[in-house]
Amino acid sequence: MNYTLTLTNTGSMTQTFILSVEAIWEVQLSMTEIVLAPGSSETLLVYVHIPQAANAGDEDNATIVVTSTTGPAVSANAVLTTRVDYRVFLPTLVSSVLPLQ
């Protein structure tokens, strides 16, 4: 499952932000550190990998934490809930191609 978040520096000075994630399922972030000038924004892509063994009704909350490393201590977080609504099983199709005669 893919999510898109927008990070915006609403402060008055350039900030360096460290990004981390807390989750049970595997989660990847498109970046783990970013420098933003005042008023500037950047898009963060978040990829949540649903386990193969997950069943309908299973869910996980991924908490994305953004913390400033410069200037006044600033942090924010976002909670992304990923839920398996149903599982789809597709049949395996095998075909043979016969040579033309």
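# A tour from an exposed loop to the core

Select Thr-10, which is exposed, with a relative accessible area of 76%. Exposed means over 50% relative accessible area, buried means under 20%, and partly exposed is what lies in between (1.4 Å probe, protein chains only). Thr-10 sits in the loop between strand 1 and strand 2. Add Gly-39 to the selection: the C-alpha atoms of Thr-10 and Gly-39 are separated by 5.4 Å, although the two residues are 29 residues apart along the chain.

The model on screen is predicted, with residues numbered from 1 along each chain as its sequence is written; local features need pLDDT of at least 70, side-chain atom pairs count only at pLDDT 80 or more, and totals for chains, interfaces and linings use all residues. Side-chain values use heavy atoms, with hydrogens and water left out.

## The whole chain

Now show the chain as a cartoon. What does its secondary structure come to? The chain has zero helices and seven strands. Both kinds of element are DSSP runs, numbered from the N terminus: helices are H or I with at least four residues, and strands are E with at least two. Along the sequence the pattern reads β-β-β-β-β-β-β.

Of the 101 residues in the chain, 28% are buried. Contacts (heavy atoms within 4.5 Å) can also be sorted by distance along the sequence. Among those between residues at least 6 apart, 59% join residues at least 24 apart.

## Into the core

Select Leu-7, in strand 1. Leu-7 is buried, with a relative accessible area of 12%. Leaving out residues up to four places away in sequence, Leu-7 touches Leu-19, Ile-34, Leu-36, Ser-40, Ser-41, Glu-42, Leu-44 and Val-66. With Val-66, the C-alpha to C-alpha distance is 8.8 Å, and the two are 59 residues apart in sequence.

Move on to Val-46, found in strand 5. Is Val-46 buried or exposed? Val-46 counts as buried, at 0% relative accessibility. Neighbours within four places in sequence aside, its contacts are Met-1, Asn-2, Tyr-3, Leu-5, Val-27, Gln-28, Leu-29, Ile-64 and Leu-80. One of them, Ile-64, is 18 residues from Val-46 in sequence, with 8.9 Å between their C-alpha atoms.

Next, show the largest nonpolar core. A nonpolar core is a set of buried Ala, Val, Leu, Ile, Met, Phe, Trp, Tyr and Cys residues joined through side-chain atoms within 4.5 Å. This one has 20 residues, and those that touch the most other members are Leu-7, Leu-19, Leu-29, Ile-34, Leu-44, Val-46 and Ile-64. Two or more residues come from each of strand 1, strand 2, strand 3 (26-29), strand 4 (33-36), strand 5 (41-49) and strand 6.

## The largest pocket

Hide the core and find the largest pocket, with a volume of about 340 Å³. Its lining has 20 residues, and the closest to the pocket centre are Thr-8, Phe-17, Val-66, Val-74 and Ala-76. Strand 1 (2-8), strand 2 (15-22), strand 6 and strand 7 each give two or more residues to the lining.

The pocket is found on a 1 Å grid over the protein atoms alone: it is an open set of points with protein on both sides within 12 Å along at least five of seven lines, and lining residues have an atom within 4 Å of a point. Grid points are joined across faces, edges and corners, and the volume is the space filled by probe spheres set on the points.

How many residues of the lining are nonpolar, polar and charged? There are 11 nonpolar, nine polar and no charged residues. Ala, Val, Leu, Ile, Met, Phe, Trp, Tyr, Cys and Pro count as nonpolar, Asp, Glu, Lys and Arg as charged, and the others, Gly among them, as polar.

Select Val-74, in the loop between strand 6 and strand 7. Val-74 counts as partly exposed, at 40% relative accessibility. Beyond four places in sequence, Val-74 touches Val-66, Thr-67 and Ser-68. The C-alpha atoms of Val-74 and Phe-17 are separated by 9.0 Å, and the residues are 57 apart along the chain.

## The salt bridges

The last stop is charged. A salt bridge is a side-chain nitrogen of Lys or Arg within 4 Å of a carboxyl oxygen of Asp or Glu. Select Glu-59 and Arg-83, whose side chains form one (3.4 Å, N to O). Glu-59 lies in strand 6 (residues 59-68) and Arg-83 in strand 7 (residues 75-83), so the pair ties together parts 24 residues apart in sequence. Glu-59 is partly exposed at 43%, and Arg-83 is partly exposed at 47%.

Add Asp-85, which forms a salt bridge with Arg-83, the closest N and O atoms being 3.4 Å apart. Asp-85 is exposed, with a relative accessible area of 56%. Shared partners join Glu-59, Arg-83 and Asp-85 into one network. The whole structure has two salt bridges.

Technical notes. On a 1 Å grid over the protein atoms alone, a cavity is a set of points where a 1.4 Å probe fits but cannot get out, and a pocket is an open set with protein on both sides within 12 Å along at least five of seven lines; lining residues have an atom within 4 Å of a point.
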